[in-house]
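Me: Please take a close look at a single part of this model. I would like one connected account that I can follow with the structure open.

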Amino acid sequence: MRRSIAGDRTELKSRIAWRIGYLICALGIYLVDQTSKAWAVRRVRFKDVTVIRGVLDFVYAENPGIAFGQLQEHGAFGRWFFVVLAAIAAVAVLFYFFRTPRNDDRILGASALLLAGILGNLTDRVRLGFVIDFILLHAGNYHWPTFNIADASITIGALLLAFDLIFSHRSKPQDVPRTVSHR
């Protein structure tokens, strides 16, 4: 009995340590996002920067709406609506993060990425009333909507979660129904 209690404590400590590690990574992504946005305000707001001609530019944009500039016309109501929506999303992701088993690194990593991105854009929205976007990818005449590090973090986290939802059943052994024959 004593050994199982010690084993349970070790497992709990490991579970908590891994979660703290993922949260530290999320904090790092959040800080990179906020730092890059501060850089964009100082360096890119008044003059675009071409990084790779025809592929990557830094251009300053203020996005009061949601993803890809949608729903921008709602003023102060929209701002606070998106703040509340982002706060609810952050709490939901954090809840999901703590409910996930330790051995599911893809879910924990995806949740950390989502949390970092949500909090990065939430910080902008609360402080400024809009989200600072500055990364512009393009190929020829096609331009991806301007985005930021937080948006990229959210996108990657959402793709990892979608991947897990779609393909997780394939990695788990399926129960094979038994048939009983009567003679």
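The part in question is the sheet, together with the helices and side chains around it. Which strands form the open sheet, and in what order? Where do the salt bridges that involve Lys37 lie?

Reply: This is a predicted model, and what follows was computed from it. The chain holds 4 helices and 4 strands. Read from the N terminus, these elements come in the order α-β-β-α-α-β-β-α. Of the 183 residues, 32% count as buried.

The sheet is open and has 4 strands, in the order β1-β2-β3-β4, with antiparallel pairing. The strands at its edges are β1 (49–52) and β4 (142–143), each of which pairs on one side only. In general, the strands of a sheet are held in register by backbone hydrogen bonds, in a parallel or an antiparallel arrangement.

Start at the β1 edge. Strand β1 pairs with β2 (residues 56–63) in the antiparallel sense, through 3 bridges. These two strands make a hairpin with 3 residues between them, and Gly54 in the turn has a positive phi of about 80°. Two residue pairs can be picked out by eye here. Ile52 has Leu56 in β2 as its bridge partner, and Thr50 stands opposite Asp57 in β2.

Asp57 leads on to the next strand, since Asp57 also stands opposite Leu136 in β3. Strands β2 and β3 run antiparallel and are joined by 6 bridges. Strand β2 is largely enclosed by the rest of the structure, because 6 of its 8 residues are buried.

The β1 end of the hairpin also takes part in the surface. Ile52, in strand β1, is partly exposed, because its relative accessible area is 45% and the range for that class runs from 20% to 50%. Ile52 belongs to a nonpolar surface patch of about 540 Å², made together with Val51, Val55, Leu137, Tyr142 and Trp144. For the chain as a whole, the accessible surface comes to about 12,500 Å², and carbon and sulfur atoms account for 65% of that area.

Next comes the helix that lies over the sheet. Helix α3 (residues 105–128) lies across β2 and β3 (131–139), and runs at about 130° to β3. Ser111 is a residue of helix α3. Ser111 counts as buried because its relative accessibility is 1%, and the cut-off for buried is under 20%. Apart from its neighbours within four places in sequence, Ser111 is in contact with Val93, Tyr96 and Phe97.

Helix α3 also carries charged side chains that reach other helices. The count of salt bridges comes to 3. One of them joins Lys37 to Asp124, with the closest N and O atoms 2.9 Å apart. This pair links distant parts of the chain, as Lys37 is in helix α1 and Asp124 is in helix α3, 87 residues apart. Both Lys37 and Asp124 are buried.

Lys37 has a second partner. The side chains of Lys37 and Asp33 form a salt bridge at 2.9 Å, N to O. Here both residues are in helix α1 (residues 2–43), 4 residues apart, or about one turn of the helix. Lys37 counts as buried because its relative accessibility is 2%, and Asp33 counts as buried because its value is 1%.

The remaining salt bridge is between the side chains of Arg106 and Asp164, at 3.0 Å, N to O. Arg106 is in helix α3 and Asp164 is in helix α4 (residues 149–171), so the pair also links distant parts of the chain, here 58 residues apart. The two ends of this bridge fall in separate classes: Arg106 counts as partly exposed, because its relative accessibility is 33%, whereas Asp164 counts as buried, because its value is 10%. Through shared partners, salt bridges join Asp33, Lys37 and Asp124 into one network.

A figure for the chain as a whole rounds this off. Among contacts between residues at least 6 apart in sequence, 69% join residues at least 24 apart.

Definitions and conventions:
Residues numbered from 1 in each chain as written. Predicted model: local features only at pLDDT ≥ 70, side-chain atom pairs only at ≥ 80, totals over all residues. Heavy atoms only, no water. Pairing = 2+ DSSP bridges. Contact = heavy atoms within 4.5 Å. Axes fitted to C-alpha atoms, helices over the stretch in contact; angles between N-to-C directions. Buried < 20%, exposed > 50% of the residue type's maximum accessible area, 1.4 Å probe, protein only. Areas by Shrake-Rupley, 256 points an atom, 1.4 Å probe, with all protein chains shown as cover. Salt bridge = Lys/Arg side-chain N within 4 Å of Asp/Glu carboxyl O. Patch = residues over 30% accessible without salt bridge, like charges linked within 9 Å, V, L, I, M, F, W, Y side chains within 5 Å.
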